[in-house]
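Me: I have just opened this one and would like someone to walk me through it. Could we start with confidence and then go on to the chains?

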Amino acid sequence: MSALALTSASLFGLCGAALVGIGLFGIVTNPDLLRRIIGFNILGAGIFLVFGAVARRGAAMGLGGDPVPQAMVITGIVVAFAATALAVALLRRLASLTGSATFDAATPAPPPRSDA
Amino acid sequence: MGLTEAFTLVCVVAGAILFLAGTLGLLRFPDTLSRLHALSKADNLGLGLIVLGLLPLQASLMGGVKLVCIWLLAQLSAATATQLIAGIAARRKPGA
Amino acid sequence: MSLVFDIALVAGLIALALHVVVTRDGRGAILGFIAFGLLLGIGWARLASVDVALTEAAIGGGLTGMLLLRAHAHLGREIAPEAMARGEPRRWLAPAIASGLVALALGAVVLAFPRPAPSLAPQAVAALETTGLGNPVTAVLLAYRAIDTLLEKIVLILALVGVWSLSRDAAWGGASQLRPAVIPEPLVFLARVLPPFGVLIAVYQVWVGADLPGGTFQAGTILAAMALLVMLAGLRPAPPTQARALRAMLAGGPALFVLVGFLGVAVAQGFLSYPEAIAKPLIVGIEAALTLSIAGTLALLVAGPPDKAPAS
Amino acid sequence: MPESLTLVALLVLLASAAGLAIVLRSAVAIEKLMAVQLLGTGGAATLLLLGAATAQPALADVALLLVLLSAFSCAAFTLGEGEDPGDAAKPDEPA
């Protein structure tokens, strides 16, 4: 494991941290729920990248990275996609019921989904 | 530097320049359709030259075949995608 | 040089993410997000995680983009334009500061990772021989941590049930309407020509996934994309969700997985442990069934809740 | 040799990303789609170059996927088009 690879892993880890911040900002500030779902995906991508940095740092035995975090990220990407699809379906239903793609200003807006 | 390496470098650099040209075309051409023209040039030739340049580096025959397949697939999808975009542009125009 | 490349890539990713979050144009944000997924795929390749790069390129750059574009088109039809465009976010300073703090804290954590990094790679490689596989990531997914993968399949099915249950009562069990009103000619051509390549690539992915980067998720995603393309071009209608064959295919992968898992209790050391002699054929068999069920689930997740009443 | 291949990969990536940066600010949605298309091809070229530079032939598979799916996004984009050219397409009309 060379110093260069370590630096590059940290670089992507920092990028992941920044993406988490950006995604969070998008979720909090956008009134449009579809845009919030996109923000949620950016946040997820950031978390996965931090995990990717962990995997890259664990390179050993001739592998480019630790396979366990990599496998977990693959699982995570697929589950995040399923969550996105469910959120989109909820949003479409909300839109056909209320004719609006936002939560009304009168009701305090909870996040579309806080876990998953 | 051997002859094959020189060949690889020349091809690959030429491919990169074509990509740059495609971007310039996107920047400089006035309307959507001519920009599309610039873009498809970059797609086809740039990727083709890079594939050509990388062919001598392939360890196995399969690797080379895969590279050529990527290029062929890119040709196909770029051509169709360009048609699709042009169709949208053409339909958009009278409405706009 | 490679560090310069990484810096450029990271800068591109962050700039694109910022653009996606702040732009006013909804469709532009989705296109930006697709581009973001493509770039992120390159980033994963730089992190030497080719398996993840394949998954991210297929899901982030392909399926999620289509899901969002479909949702955007649907919302555009449902919602009056005046309700759609509602000024810019009112308060952004406090959220920006808070998000920045979260990012900084996470960044500090990244920099504070322990210096000789902990790694399970030696154990993974040491146990690789007992599975007969050559790709450690596939081995983790389908052998050492098979329970995670199994649960994930179940989560996918649950998400699909959730999506279906959001249909109108009358449309329950019916099919989704994927075909646009006007189908451009090149789209039909694409839908005729591309799927054979896609199926070939998917089979190849499952095949090499045992020893090289690739595997069920990637192959399933490609198959799902191809199926969607065919339905989009109107060559084949979306299947009614009450069809027995469809449901059997969706449940088949996880069911086989569970079955093999319980077989492990009987003939090997416990739930989801494979007898060593036939570990590889078993894993490849599970992979094949899982690929089909993942492909079906992902495609139907994108297709969304059924909106046509069932025929019978 | 790996160094120069990485340099060329950087150039290709920068060229495609620059195209994206220019076009994302334009008002026409199909031009953004074109830039995504360019990024798909440029990304594939970048990955091929990187794969050759770092001796990871598997990166060619990622490139294959990018090429396959960039056509797919293009097809997905046609969904919002052509239905009723007034609603969803509003912000995209060139003024």
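**Confidence, chains and contacts**

Reply: In chain A of this predicted model, confidence is lowest in helix 1 (residues 3–29) of chain A, where the mean pLDDT is 88, and highest in helix 2 (residues 33–57) of chain A, where the mean is 91.

Me: And where in chain A does the pLDDT drop below 50?

Reply: That happens over residues 105–110 of chain A, a stretch that has one contact in the model beyond near neighbours in sequence. Where pLDDT is low, the predicted coordinates should not be read in detail. For chain A as a whole, the mean pLDDT is 82, with 85% of the residues reaching 70 or more.

Me: OK, on to the chains, which pair shares the most contacts?

Reply: Chains A and C do, out of the four pairs of chains in contact. In that pairing, 73 residues of chain A are in contact with 79 residues of chain C.

Me: Which helix of chain C gives the most to that side?

Reply: On the side of chain C that touches chain A, the most comes from helix 3 (residues 50–78) of chain C, which gives 14 residues. Sorted by class, that side of chain C, the one touching chain A, has 56 nonpolar residues, 14 polar residues and nine charged residues.

Me: Can you give me one residue of chain A to look at, and say what A:Ile77 touches?

Reply: A:Ile77 lies in helix 3 (residues 67–98) of chain A, and, leaving out residues up to four places away in sequence, A:Ile77 touches A:Phe48 as well as C:Thr55, C:Glu56 and C:Ile59.

Me: Why does A:Ile77 count as buried?

Reply: A:Ile77 counts as buried because 22 C-beta neighbours lie inside 10 Å, and the cut-off for a buried residue is 20 or more. As for A:Gly44, which is 33 residues from A:Ile77 along the chain, the C-alpha atoms of the two are separated by 8.2 Å.

Me: How far apart are the closest C-alpha atoms of chain A and chain B?

Reply: They lie 20 Å apart, and no contact joins chain A and chain B. No contact joins chain A and chain D either, and in that case the closest C-alpha atoms lie 10 Å apart.

Me: What about chain D, how many helices and strands are there?

Reply: Chain D has three helices and zero strands, which gives the pattern α-α-α when chain D is read along the sequence. Chain D has 95 residues, of which 72% count as buried.

Me: How many residues do chains B and D each bring to their contact?

Reply: Chain B brings 41 residues and chain D brings 43 residues. On the side of chain B that touches chain D, helix 3 of chain B gives the most, with 16 residues, and by class that side of chain B has 27 nonpolar, nine polar and five charged residues.

Me: Back to chain C, which domains are assigned there?

Reply: The domain assignment of chain C gives domain 1 (1–86) and domain 2 (126–312), and the centres of these two domains of chain C, taken over C-alpha atoms, are 24 Å apart. Where they touch, domain 1 of chain C contributes 11 residues and domain 2 of chain C contributes 14 residues.

Me: Last thing, where does helix 10 of chain C bend?

Reply: Helix 10 of chain C bends by about 30° at C:Leu194, and C:Pro195, a proline, follows within four residues. Helix 10 (residues 185–209) of chain C has 25 residues, and from its first C-alpha to its last it reaches 36 Å, close to the 36 Å expected at 1.5 Å a residue.

Methods: Residues are numbered from 1 along each chain as its sequence is written. Chains are lettered from A and ligands numbered from 1 in the order in which they are written. This is a predicted model: local features need pLDDT of at least 70, side-chain atom pairs count only at pLDDT 80 or more; totals for chains, interfaces and linings use all residues. Two residues are in contact if their C-beta atoms, placed from the backbone, lie within 7 Å. Helices (H or I, at least four residues) and strands (E, at least two) are DSSP runs, numbered from the N terminus. Ala, Val, Leu, Ile, Met, Phe, Trp, Tyr, Cys and Pro count as nonpolar, Asp, Glu, Lys and Arg as charged, and the others, Gly among them, as polar. pLDDT is the predictor's confidence in each residue, from 0 to 100. The expected span of a helix is 1.5 Å times one less than its number of residues. The bend at a residue is the angle between axes fitted to the seven residues ending there and the seven starting there. A residue is buried if 20 or more other C-beta atoms lie within 10 Å of its own, exposed if 12 or fewer, and partly exposed in between; C-beta atoms are placed from the backbone. Domain bounds come from an automatic or database domain assignment.
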